[in-house]
Amino acid sequence: MNILRTDSSHKDFQTLVKSLDATLAEHNGENDDFFAQFNTIDTIKNCIVAYIDDIPAACGAFKPFSEDTVEIKRMFTHPDFRKKD
């Protein structure tokens, strides 16, 4: 596994987040519009993309709120890479 530190403009991060958003929309149903407003990625500076055999497999990010507080955001593992040893 290789882990890339990047920001939210990275193409692979954005692709994984689109899959995450589709999954969340399915789970959230008619309430998805309410939750979606909190999940924008346009200004996240601290992101990672995990690669397995050069394939983007997972992502995550954190967004600082203060010097000692962050929010963990956009954590997602592509279904093809879940439940692996």
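Start by selecting Asp-68, which in this predicted model lies in the loop that connects strand 3 and strand 4. Colour the chain by relative accessibility and Asp-68 comes out at 72%, so it counts as exposed, the cut-off for that class being over 50%. Now show the side chains around it: the side chain of Asp-68 is joined to that of Ser-66 by a polar contact of 3.1 Å, and a further polar contact, of 3.3 Å, links the side chain of Asp-68 with the side chain of Thr-69.

Next, select helix 1, residues 11-28, and place a distance between its two end C-alpha atoms. The separation is 25 Å, which agrees with the 26 Å that the 18 residues should span at 1.5 Å a residue.

Keep helix 1 selected and pick out its buried residues, which are Asp-12, Phe-13, Leu-16, Val-17 and Leu-20. Looking down the axis, you will find that they cover an arc of only 125 degrees, which means that they sit on the same side of helix 1. The spacing along the sequence can be read against a general rule: an α-helix has 3.6 residues a turn, so residues three or four places apart point the same way.

What do the buried residues of helix 1 pack against? Add strand 2 (46-52), strand 3 (55-66) and strand 4 (69-77) to the view, since these are the strands they pack against. Then turn to the face of helix 1 that points away from the buried side, where the exposed residues Lys-11, Lys-18 and Glu-26 are carried.

Finally, move just past the end of helix 1 to Gly-29, whose phi is positive, at about 60 degrees.

Methods. Residues are numbered from 1 along each chain as its sequence is written. This is a predicted model: local features need pLDDT of at least 70, side-chain atom pairs count only at pLDDT 80 or more; totals for chains, interfaces and linings use all residues. Side-chain values use heavy atoms; hydrogens and water are left out. Helices (H or I, at least four residues) and strands (E, at least two) are DSSP runs, numbered from the N terminus. The expected span of a helix is 1.5 Å times one less than its number of residues. Buried means under 20% relative accessible area, exposed over 50%, partly exposed in between (1.4 Å probe, protein chains only). The arc is that of the directions from the helix axis to the C-beta atoms. Contact means heavy atoms within 4.5 Å. A polar contact is a pair of N or O atoms within 3.5 Å; within protein, one must be able to donate a hydrogen and the other to accept it, and residues adjacent in sequence count only if both atoms are side-chain atoms.
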